[in-house]
Amino acid sequence: MMRRLILLACLGTGCLSAQLQLFILQPGQADPIVNVPASFSFGECPVGDVRDVQFRLLNAGTGSTQLTTLAVTPPFSIPYEPSLPETVPPGGTVDFTVSFAPTGAGSFSATLTADGVSQLLTGTGTAVDTVAISVGDGTNAPVPLGAGAGIDFGSLAQGSTTSRQVVLTNPTQAAFTVQNIRVDNLQGSSFQMQPFALPISLAPGGSATLEVDFTPSSTGPQQGALEIDQLYIPLTGVGVNPLFPQPIILIAISSTASSEQGTLTVSLPSASQESGTGQVQMAVTPSMPGVNPDSGMVFLLSGTESVPFTVNQGDTAGQFGSAGSVAFQTGTTAGTIVFTVTLGDFTGTSSLTIPAAPANIDTTTAQYTSGGLDLEITGFDNTRTASTMTFTFRDANGATLNGGPITVAATTDFQEFFATSDDGGMFALHAFFPVTAGNPAQVDSVEIQITNSAGTTPTSKVYFTAP
Amino acid sequence: MSRRAVVFLLCVAPAIAQPKFSVPLVGIARDSQQQLRIVHGVSGTFVLHDVIGKNAVDWAFDGHGGLVNTGSELLTLGADVTVIRRRPVAQQEAVLGPQNAFFPETAELWRTGPQGDSKVPIAAAMIAGRVIALGPTKAHAVQLAVCRANAFWLLAVDTANGAITQELTPGGAIAEQACLAAGGGSLVLLADRMLLATAHAILIQTVAGVERSIAISASHLARVGEQWVEIESAGEPARMIRITPEGEKVYQLPAAKERP
C-alpha cells in the first residue's frame, strides 16, 4: 500500500527530498487512495447537513519533514486537527477529515493549506427553501404556499378523509435532492402521508407531488406538521361530528301495553350528508319504585336494551342490519319506556307509557289426580302487586263445588317471587288443592281470578283433564 | 245423585298446598349460534336463557318432554327442559317427535320418556315409504307422516306391537306439497293440525280440513313447546308461532343475551 502511495505521489507530482503530497481516502472503495484533482468538489450538501471527506498527507520525499500548518476556511473545517508541529518521516502519512457544512444555499470554496500543499475545495450548499411548494386539493391547480404558511384542511367529519397534494418544484438550475419527508401528529393520528420513496431527486425545473391525508381521529382542532428536510410546514384541521339530520323515532305497536312486540324506525327528515353509526337505547321508569329489572324489555335484534344502526350518505332512515326498522318487546313492567336515539351531535327521544293493568293470564292447565286438583297458571302482573286469587270449582253441570269460591291470599308469595326474579312481572304458578273428601274426578272445571292493584282478571272455564 | 249431594261429598282444601312460583317456560329454540336454548316468557315477551345443547341438528319438545339430535347424541329432555338422558346415535339421520325418534337407515322407531327408551317393533315394509315427521303419541299410537313416492300418507302405529292401525291420505295443499322432491319442506304434526314450511309460506291444515297459510318463507319448523312451533328462515331472526284452538300468532324471538 505504502509503495503504491509513493508511486502515486511520484507519478503525480515528482519525488522531492521532503515533500508532502495530498490524497483522498475512500475506505471500502475499490480504489481507496486517489489523487486529488486541482479543484476538489464536495458536491451538494443541504444546509444544516455536513459532508465529510478524508484526506491523507504523505511524505513522498526521502527525508523527514515537519508538518507545521494544516488549515482551511469556513464553511470547510478540520474537526480533529492533528497536533502540530508533527514530524513526518519519509513515507509517513497524516490522515485527517475535512467537513463541509454550508451555511446557506450557493457555491462555496476554500483553500486547504499544509506545508507545501495548497488545495482548492469547493462545495454547493442546497436549501429546501429554494424549492417552491404549492398545495392543491385535487380539483383546482395547486396554489403556491407562502413562506411560513401552513396547510389547513378545514373542518371535516370524524372518520371522513380529505387530501391535499403538495407539489415540490425545483426552480433552480441545479438538481436538488430531498432526503427526508415525514408527517408528525401533535395528537392522535389525523394526518397521514401516502407512501413514497426517498430520497426524491428534483432535476432543475422538475417537480414531485406528495399526498397528505386528513382523517380526524377525534373532534376538535387537530395539529401536525409536514417536515421536508429542514422545512417545517404546520398542518391544521378540525374534526367535527358527522353532519347528520336530527333523527326522529317512529314507533309502531298494535297496543300500548305490556308483552307486546312493536317496531321502531329512525327517520331522518332530510337526506344525511354523512355516513356513520348511531344507537337507540330503551330504558324503563317503572310505575312502582324499587322493583327488579325486566329482562324481557329488549330490542329483539340485539337481545339487549340498546341497538346500533347505520346511516349512509343520502339515507333518510337508519338501517338496523339489513332492515329499516327494529323490533322490540315492551316486557312485563308498567311504567314509561323511553327510547333515546343518538346520531352524531343529535339525540332524540320518544316514550311509550305502559299502563298498569290487571294480571294477564297466558296459559292455564288443570289436571285432577287421585289426591287433588293440580293447576298451572302462567302470565304476568305488570304492577307486581298481585294479592288474592279466587278459584271456583264446578262440576259437569256447572254447579259450584265446595260450597263456593276458594279465595287464597297470595300477596306474600307473589312478592317473594318477584323480589327474586329479574324477568319482570312474568310468573308461573303451580298450585295444588288437596281433596280431603270425595272424588277429584268429579271436578269438571275451574274459573280463576287474580286481583292486583289495577283490577281483577277472570279466566274462562279451565277444564280438568286426567294426567 | 243430586247436585247438592255432589257438593257435599267433595271437599277441597281451601288453601294451595305448597304454591310454587317460577319463570314461565315457553319451550326451546335454536339461536343464531346453533345453540339450543331454554325460552322463558309469555306471549309477546321472550327471554332466551341457558344453553341445553350445541350443534343441534333437530329437536322437538311439547312441554312434557322432548328430544334433541346433536348429530352424535340423542338427548332426552324432561318437562323442565333438563337433559335427563343421553345416548350416542350412530346414524346421523333421525326423524324426531317430542317422545319418539325414527331412524330411517334401520327403520327403527324408538319411544323415549323419563322411564327409558323402548324400541317399537315396526315392520319397515309396512311403512313402504320415507318417514318425514312424527306426530304426538295418542292412545298408544304414534302418527307417522310418510311419503310414498309423491303421495302423502298418515300412518298410525301401535306403540305396543308396531302394527299399523290406520292409513289415510289427507287431501289439501300440505298433502300436495309435502312429498315434492323440490318443495318437501319441514313438517310438524300436532294433535289437531299440521304445519308445512315452504319457500313462500307456512301452510296450516287442521284435522277438520280447514286450510290457511302464514306468509313467511321458512326453512325449518320444529315443535318447541306445548303451544309453540319455532320457525327458522334463512337470514332472519328465529320466530315462534303460538298454536291455540283459535288459530296461530307469530312472534319474533330476541337474540340471546349471555347471563353473567
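In this predicted model, chain A and chain B together bury about 3800 Å², and carbon and sulfur atoms carry 61% of that area. The size of an interface is often given as the accessible area lost when the parts come together. On the side of chain A, the residues that lose the most area to chain B are A:Asp362, A:Asn402 and A:Met426, which together account for 14% of what that side buries. In terms of contacts, 59 residues of chain A meet 38 residues of chain B.

**Polar and charged pairs across the interface**

The rule finds 1 salt bridge between chain A and chain B. Its partners are B:Arg242 and A:Asp362, with 2.8 Å between the closest N and O atoms. A:Asp362 thus appears in the salt bridge and also among the three residues of chain A that lose the most area to chain B. Polar contacts between the two chains amount to 9 residue pairs, with both residues at pLDDT 80 or more.

Several elements of chain A give two or more residues to the side that touches chain B: the strands β27 (326-329), β30 (360-368), β31 (372-380), β32 (388-394), β33 (406-409) and β34 (426-437), together with the helix α2 (411-420). The largest share, 12 residues, comes from β34(A). By residue class, this side of chain A consists of 27 nonpolar, 25 polar and 7 charged residues.

**The two chains as wholes**

The table sets out the overall values for each chain.

| Chain | Residues | Helices and strands | Buried residues | Accessible surface | Share on carbon and sulfur atoms |
|---|---|---|---|---|---|
| Chain A | 467 residues | 2 helices, 37 strands | 43% | about 20600 Å² | 51% |
| Chain B | 260 residues | 3 helices, 25 strands | 53% | about 11700 Å² | 53% |

The sequence separation of the contacts completes this description. In chain A, residues 24 or more positions apart account for 68% of the contacts with a separation of 6 or more. In chain B, 37% of the contacts between residues at least 6 apart in sequence join residues at least 24 apart.

**Two strand residues and their surroundings**

A residue from each chain illustrates these contacts. A:Gly43 belongs to strand β3 (residues 39-46) of chain A and has a relative accessibility of 26%, so it counts as partly exposed. Although A:Gly43 and A:Thr124 are 81 residues apart in sequence, their C-alpha atoms are 5.9 Å apart in space. When neighbours within four places in sequence are left aside, A:Gly43 is in contact with A:Arg51, A:Phe100, A:Thr122, A:Gly123 and A:Thr124.

In chain B, B:Leu195 is part of strand β19 (residues 193-197). Its relative accessible area is 0%, and B:Leu195 is therefore buried. Beyond its neighbours within four places in sequence, B:Leu195 is in contact with a set of residues that includes B:Ile174, B:Val188, B:Leu190, B:Ile202, B:Ile204, B:Leu221, B:Ile241 and B:Ile243. Among the other contacts of B:Leu195 are B:Ser186, B:Leu187 and B:Leu203. The C-alpha atom of B:Leu195 is separated by 9.1 Å from that of B:Val229, which lies 34 residues away along the chain.

**Backbone features in loops**

Two cis peptide bonds are described here, both in chain A. One joins A:Pro74 and A:Pro75, with omega at about 5 degrees. A:Pro75 is placed in the loop between β6 (70-71) and β7 (76-77) of chain A. Another cis peptide bond joins A:Leu198 and A:Pro199, where omega is about -5 degrees. A:Pro199 occupies the loop between β18 (191-193) and β19 (200-202) of chain A.

Positive phi values occur at two residues that are not glycine. A:Ser259 has a phi of about 55 degrees and is located in the loop between β23 (248-252) and β24 (261-267) of chain A. With a relative accessibility of 7%, A:Ser259 is under the 20% limit and so counts as buried. For B:Ala128, phi is near 55 degrees, and this residue is found in the loop between α2 (124-127) and β14 (130-138) of chain B. B:Ala128 counts as partly exposed because its relative accessibility is 48%.

Conventions. Residues are numbered from 1 along each chain as its sequence is written. Chains are lettered from A and ligands numbered from 1 in the order in which they are written. This is a predicted model: local features need pLDDT of at least 70, side-chain atom pairs count only at pLDDT 80 or more; totals for chains, interfaces and linings use all residues. Side-chain values use heavy atoms; hydrogens and water are left out. Helices (H or I, at least four residues) and strands (E, at least two) are DSSP runs, numbered from the N terminus. Buried means under 20% relative accessible area, exposed over 50%, partly exposed in between (1.4 Å probe, protein chains only). Contact means heavy atoms within 4.5 Å. Accessible areas come from the Shrake-Rupley method with a 1.4 Å probe; for residues, only the protein chains shown count as cover. Buried area is the accessible area (1.4 Å probe) that two parts lose on being put together, summed over both. A salt bridge is a side-chain nitrogen of Lys or Arg within 4 Å of a carboxyl oxygen of Asp or Glu. A polar contact is a pair of N or O atoms within 3.5 Å; within protein, one must be able to donate a hydrogen and the other to accept it, and residues adjacent in sequence count only if both atoms are side-chain atoms. Ala, Val, Leu, Ile, Met, Phe, Trp, Tyr, Cys and Pro count as nonpolar, Asp, Glu, Lys and Arg as charged, and the others, Gly among them, as polar.
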